[in-house]
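Trainee: I should be grateful for a close look at a single part of this model. Please take one stretch of the chain together with what follows it, and give the reasons wherever they can be given.

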Amino acid sequence: MKTKHTLIILAIGFFIILFGAVLKITHMEIGPLNGNNVLTLGMFVEVIGGILLIYKLIIAKKSNDFLNS
């Protein structure tokens with residue numbers, strides 16, 4: 001997996017959290033989705049993306065090689 005894929009996972013998690021915050025602030029529910037469920041899902045995606053990013057940082061041989069990998 002390339003670094004850009006990891007950053008995309010982090011960005012997706014960010015937007016899920018943003019959507020969950022809007023749901024929570026407005027007290028809206030969309031079917032089974034409410035603010036709490038969406039925020040929890042977004043945090044899990046962020047944690048997975050963070051773990052992958054840390055793994056990529058550890059295995060990168062050089063700092064310049066990190067963004068090119």
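Mentor: A helix here is a DSSP run of H or I that is at least four residues long, and helices are numbered from the N terminus. With that in mind, let us consider helix 1 and the place where it ends. Please remember throughout that this is a predicted model.

The setting comes first. The chain has 69 residues, of which 20% count as buried. Its secondary structure amounts to 3 helices and 0 strands, and the pattern along the sequence reads α-α-α. Of the contacts with a separation of 6 or more, 56% join residues that are 24 or more positions apart. The chain exposes about 5,200 Å², and carbon and sulfur atoms supply 73% of that area.

Helix 1 runs over residues 3-26. Its 24 residues reach 35 Å from the first C-alpha to the last, which is close to the 34 Å expected at 1.5 Å a residue. The buried residues in this helix include T3, T6, L10, G13, G20 and L23. The general geometry helps in reading such a list: an α-helix has 3.6 residues a turn, so residues three or four places apart point the same way.

Take T6 as an example from helix 1. T6 counts as buried because its relative accessible area is 1%, and the cut-off for buried is under 20%. What is T6 in contact with, leaving aside its neighbours within four places in sequence? The residues concerned are M1, G49, L52, L53 and K56. Two of these, G49 and K56, are themselves listed as buried in helix 2.

Other residues of helix 1 are open to the surroundings to some degree. A search of the whole structure finds 1 aromatic pair. That pair is formed by F14 and F15, with 5.4 Å from centre to centre and 65° between the planes, so that it is edge-to-face, since planes over 60 degrees apart are classed in that way. The two rings fall into separate classes of exposure: F14 is partly exposed because its relative accessibility is 47%, whereas F15 is exposed because its value is 52%. The boundary that separates them is 50%.

Further along helix 1 comes L18, which is partly exposed because its relative accessible area is 43%. L18 and V38 are 20 residues apart in sequence, yet their C-alpha atoms are 9.2 Å apart in space. F19 also belongs to helix 1, and at 39% relative accessibility it is therefore partly exposed. Beyond its neighbours within four places in sequence, F19 is in contact with I30 and V38. The C-alpha atoms of F19 and G42 are 9.0 Å apart, although 23 residues separate the two in sequence. Both V38 and G42 are among the buried residues of helix 2.

We now reach the end of helix 1. Which residue follows it, and what is the sign of its phi? The residue is H27, and its phi is positive, near 60°. In general, most residues other than glycine have a negative phi. H27 is a residue other than glycine, so its positive value deserves your attention. H27 lies in the loop between helix 1 and helix 2, and it counts as exposed because its relative accessibility is 72%.

The same loop holds L33. At 37% relative accessibility, L33 is partly exposed, because that value lies between the limits for buried and exposed. Setting aside its neighbours within four places in sequence, L33 is in contact with M28 and V38. L33 and L23 are 10 residues apart in sequence and 8.7 Å apart from C-alpha to C-alpha, and L23 is one of the buried residues of helix 1.

Several of these residues come together at the surface. F19, M28, I30 and L33 form a nonpolar patch, with about 350 Å² of accessible area together. This patch thus brings together F19 from helix 1 and L33 from the loop.

Beyond the loop lies helix 2, which covers residues 35-59. Its 25 residues reach 36 Å from the first C-alpha to the last, close to the expected 36 Å. Its buried residues include G35, V38, G42, V45, G49 and K56. Among them, V38 is in contact with F19 and with L33, and G49 is in contact with T6.

Conventions: Residues are numbered from 1 along each chain as its sequence is written. This is a predicted model: local features need pLDDT of at least 70, side-chain atom pairs count only at pLDDT 80 or more; totals for chains, interfaces and linings use all residues. Side-chain values use heavy atoms; hydrogens and water are left out. Patches are made of residues with over 30% relative accessible area and no salt bridge: like charges are joined within 9 Å, nonpolar side chains (Val, Leu, Ile, Met, Phe, Trp, Tyr) within 5 Å. Accessible areas come from the Shrake-Rupley method with a 1.4 Å probe; for residues, only the protein chains shown count as cover. A salt bridge is a side-chain nitrogen of Lys or Arg within 4 Å of a carboxyl oxygen of Asp or Glu. Helices (H or I, at least four residues) and strands (E, at least two) are DSSP runs, numbered from the N terminus. Buried means under 20% relative accessible area, exposed over 50%, partly exposed in between (1.4 Å probe, protein chains only). Contact means heavy atoms within 4.5 Å. The expected span of a helix is 1.5 Å times one less than its number of residues. Rings of Phe, Tyr and Trp (its six-membered ring) pair if their centres lie within 6.5 Å; planes under 30 degrees apart count as stacked, over 60 as edge-to-face and the rest as tilted.
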